[in-house]
Amino acid sequence: MTRFEGKTVVVTGGARGMGAAHSRGFVAEGARVVIADVLDAEGEELAGELGEAALYRHLDVTDEQQWAEVVRAATAAFSAPTVLVNNAGIGGSGTLVEDKTLADWRKLLAVNLDGVFLGTRAVIPGMKAAGGGAIVNISSFAGLIGTPNAADYTTSKFAVRGFTKAVAMEVAPYGIRVNSVHPGYIRTPILGPLGDEVVHGKVALDRMAGPEEVTRMVLFVASDDASYSTGAEFVIDGGWSAGSTVGIGQTNAQYYQQNSES
Ligand SMILES: NC(=O)c1ccc[n+]([C@@H]2O[C@H](COP(=O)([O-])OP(=O)(O)OC[C@H]3O[C@@H](n4cnc5c(N)ncnc54)[C@H](O)[C@@H]3O)[C@@H](O)[C@H]2O)c1
């Protein structure tokens with residue numbers, strides 16, 4: 001497929017994890033991709049692997065100036081970006097809310113939320129001039145349901161979901177679509193050594209996913225195949241947010257018996 005032939009795409013946090021998978025996926029479908037990250041060595045290496053269709057640029061998503069430079073570099077090398085994937089993100093401190101520091105709270109919101117705002121603001125003028133575009137904001141299942149020890153991360157991802165809907169209304173008249181994607185547990189460096197055991201018995205599909213499964217959804221949402229979707233939530237979480245796994249594979253009688261014995 002060549003759904004992105006002639007299009008310029010910016011992927012933040014594109015140097016590793018899901019962002020790297022998305023960058024590879026866009027290039028495979030004809031796009032020219034600017035990989036934007038703070039991990040310069042990984043970003044340069046990936047851009048080298050992808051060849052002339054890719055460019056690495058250092059970008060701290062919390063920095064307004066650097067955003068202007070990334071859009072300028074993308075436009076000079078390729079053309080004004082008409083696809084932006086706001087993927088860069090960091091995890092929280094994993095502590096109870098009363099143990100979180102204001103500094104950590106602000107740092108997380110700066111990357112996960114301010115970064116999405118700044119990126120969106122930076123690309124909209126070029127998308128308007130081009131007659132349209134697509135912005136894909138990476139939220140999380142934590143942007144749909146509450147998660148203990150993650151009030152900071154949860155807040156950032158709920159906010160990204162709301163921001164997405166508000167901006168989608170504003171830019172719809174210009175042919176720009178804005179949607180959020182909500183992954184569940186995906187095998188990437190952000191999770192450290194965690195494996196399938198973290199979801200075993202707790203999520204309907206009973207496994208984590210690989211980054212490329214999310215890439216397929218991100219590319220769909222960014223492409224004209226999703227031409228009638230804006231302000232929408234695309235969930236890819238193995239059923240985590242759909243409901244409890246309690247009672248799966250058992251009748252109620254079996255479940256009650258098992259739980260009255262224990
Ligand atoms: N892995 C999961 O289970 C999971 C689940 C739901 C949502 N997410 C979200 O998916 C996105 C991608 O995460 P991932 O799992 O690939 O993790 P990851 O840690 O592998 O990738 C995150 C990328 O963002 C970059 N980044 C961090 N701070 C940055 C900054 N200030 N400026 C620019 N880049 C920065 C990192 O360098 C890294 O390359 C994140 O927004 C994350 O919150 C991940």
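Reader: What relative accessible area does N149 have, as a percentage?
Author: This is a predicted model, so local features need pLDDT of at least 70 and side-chain atom pairs count only at pLDDT 80 or more, while totals for chains, interfaces and linings use all residues. Residues are numbered from 1 along each chain as its sequence is written, and side-chain values use heavy atoms, with hydrogens and water left out. N149 counts as partly exposed (buried is under 20% relative accessible area, exposed over 50%, partly exposed in between, with a 1.4 Å probe and protein chains only). The computed figure for N149 is 39%.

Reader: Which helix comes after the loop that holds N149?
Author: Have a look at the backbone there: N149 isn't a glycine, yet its phi is positive, at about 65°. Helices (H or I, at least four residues) and strands (E, at least two) are DSSP runs numbered from the N terminus. The loop with N149 sits between β5 (133–138) and α5 (151–171). The helix you want is α5.

Reader: What is the phi of D206, roughly?
Author: D206 is in the loop that links β6 (176–183) to α6 (211–222). D206 is partly exposed, because its relative accessibility is 34%. Although D206 is not a glycine, its phi is positive, at about 60°.

Reader: Moving on to the ligand, how many residues surround it?
Author: A residue makes the list if one of its heavy atoms lies within 4 Å of the molecule. The closest ones are R16, D37, N87, Y153 and T188. The full count around the ligand is 28.

Reader: How far is a polar side-chain atom of D60 from a nitrogen atom of the ligand?
Author: Take the oxygen side of the ligand as well: one of its oxygen atoms is 2.7 Å from an N or O atom in the R16 side chain. In the side chain of T188, an N or O atom is 2.5 Å from an oxygen atom of the ligand. For D60, the partner is a nitrogen atom of the ligand, and the distance is 3.0 Å.

Reader: What share of the area that the ligand exposes alone does the protein bury?
Author: On its own, the ligand exposes 830 Å². That area comes from the Shrake-Rupley method with a 1.4 Å probe. The share buried by the protein is 95%.

Reader: Which elements give two or more residues to the shell around the ligand?
Author: One of them is a helix covering residues 17–28. The other is the helix that contains A151, a residue that is partly exposed at 28% relative accessibility. Put together, the two contributors are α1 and α5.

Reader: What separates the C-alpha atoms of A151 and G92, in Å?
Author: Along the chain, A151 and G92 are 59 residues apart. You can set that beside another pair, A77 and A54, which are 23 residues apart with C-alpha atoms separated by 9.7 Å. For A151 and G92, the C-alpha separation is 8.2 Å.

Reader: Where does A77 lie?
Author: A77 is partly exposed, because its relative accessible area is 42%. The helix that holds A77 runs over residues 64–77. That helix is α3.

Reader: And how far apart in space are S241 and E170?
Author: S241 belongs to the loop between β7 (233–236) and α7 (252–261). With a relative accessible area of 26%, S241 is partly exposed. In sequence, S241 and E170 are 71 residues apart, and their C-alpha to C-alpha distance is 28 Å.

Terms used
A polar contact is a pair of N or O atoms within 3.5 Å; within protein, one must be able to donate a hydrogen and the other to accept it, and residues adjacent in sequence count only if both atoms are side-chain atoms.
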